[in-house]
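Please walk through the helices of this chain, starting with how two of them are arranged.

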Amino acid sequence: MGHLAPSSTDSGSSGNIIIDFYWGMELYPRIGKYFDIKVFTNCRFGMMSWAVLALTYCIKQYEENGKVADSMLVNTTLMLVYVTKFFWWEAGYWNTMDIAHDRAGFYICWGCLVWVPSVYTSPGMYLVNHPVNLGTQLVLFILVAGIMCIYINYDCDRQSQEFRRTNGKSLVWGKAPSKIEASYTTASGETKRSLLLTSGWWGLARHFHYVPEILAAFFWTVPALFNHFLPYFYVIFLIILLFDRAKRDDDRCRSKYGKYWKLYCDRVPYRIIPGIY
């Protein structure tokens, strides 16, 4: 479709049909006027399947054992809270790399249709046949820690979204935000202005929001304890994915903003983990 009948002018070919297929050609492909393919694969199918499969594993464990272990309930609860957070914040998702920069090819479409529902829920699949009884204290600790991480992840994105919405006039942690006013030139030669937030969560590290996201995944995996590597495959994959995404985003912003990005990195020197990386 990207070759023969692209949905918009925001489409292009690398000149290699395999690369075009894998990475995609169109940024916002549509079928008809209203069916947005990326919204369907990323949000409707991928995220909703995540929630459905999480519940399915609970039902399967009940069928197999006649009860649902507290470890499975913690795992499922935290995943459902995370998915609920995603749909609550869905409008903010349009500004992420997935939507705004990654084109709709095999990489992102197959990833959201297949990889996300199956791999992201794999800790729950493991727990079906390996139930663990955690006890009330451990259940409460993991639930509170996991929900806190999900909230911080949400608040990072909310802070950035509100900063953009108010053109830098919103309060950040009760104070006027620290920011850099950057300008850049578009492909068509037009000069535009953008604000870079350097306080709040975004003053801790340039991609600090990935820290609570990784920790949330750890907390809905840790109910399986440490008897097997398999449940932690998703956490390890997520770390690799997000660290790579942070690097790609930094490279893109360095190319886009030039000297302003260098100034931003001087003010916020850490990429993901404050004081470490």
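In this predicted model, helices α3 and α7 are roughly antiparallel to each other, because their axes cross at roughly 165° and angles over 145 degrees count as roughly antiparallel. Helix α3 runs over residues 70–88 and helix α7 over residues 122–129, and their axes come within 10 Å. The crossing of the two is left-handed. On the α3 side the contact is made by S71, M72 and N75, and on the α7 side by P123, G124, L127 and V128. Sorted by type, the residues of this contact are four nonpolar, three polar and no charged.

Helix α3 also holds T76. With a relative accessibility of 5%, T76 counts as buried, since the cut-off for buried is under 20%. Leaving aside residues up to four places away in sequence, T76 touches A54, L55 and C58.

The UniProt record, an unreviewed entry, can be set beside the model. Its annotation "transmembrane region" covers residues 71–89, 104–122, 134–154 and 217–243. Two of these spans can be described further. Residues 71–89 are 95% helix and 0% strand in the model, and the C-alpha atoms at the two ends of this span lie 27 Å apart. For residues 217–243 the figures are 59% helix and 0% strand, with 15 Å between the end C-alpha atoms.

Technical notes: Residues are numbered from 1 along each chain as its sequence is written. This is a predicted model: local features need pLDDT of at least 70, side-chain atom pairs count only at pLDDT 80 or more; totals for chains, interfaces and linings use all residues. Side-chain values use heavy atoms; hydrogens and water are left out. Axes are lines fitted to C-alpha atoms, for helices over the stretch in contact, and angles run from 0 to 180 degrees between N-to-C directions. Helices (H or I, at least four residues) and strands (E, at least two) are DSSP runs, numbered from the N terminus. Angles under 35 degrees count as roughly parallel, over 145 as roughly antiparallel, 65 to 115 as roughly perpendicular and the rest as oblique. A crossing is left-handed if the near helix is turned anticlockwise from the far one by less than a right angle, and right-handed if clockwise. Contact means heavy atoms within 4.5 Å. Ala, Val, Leu, Ile, Met, Phe, Trp, Tyr, Cys and Pro count as nonpolar, Asp, Glu, Lys and Arg as charged, and the others, Gly among them, as polar. UniProt positions are given in the numbering used here, feature names are shortened, and annotations may be inferred rather than shown by experiment. Buried means under 20% relative accessible area, exposed over 50%, partly exposed in between (1.4 Å probe, protein chains only).
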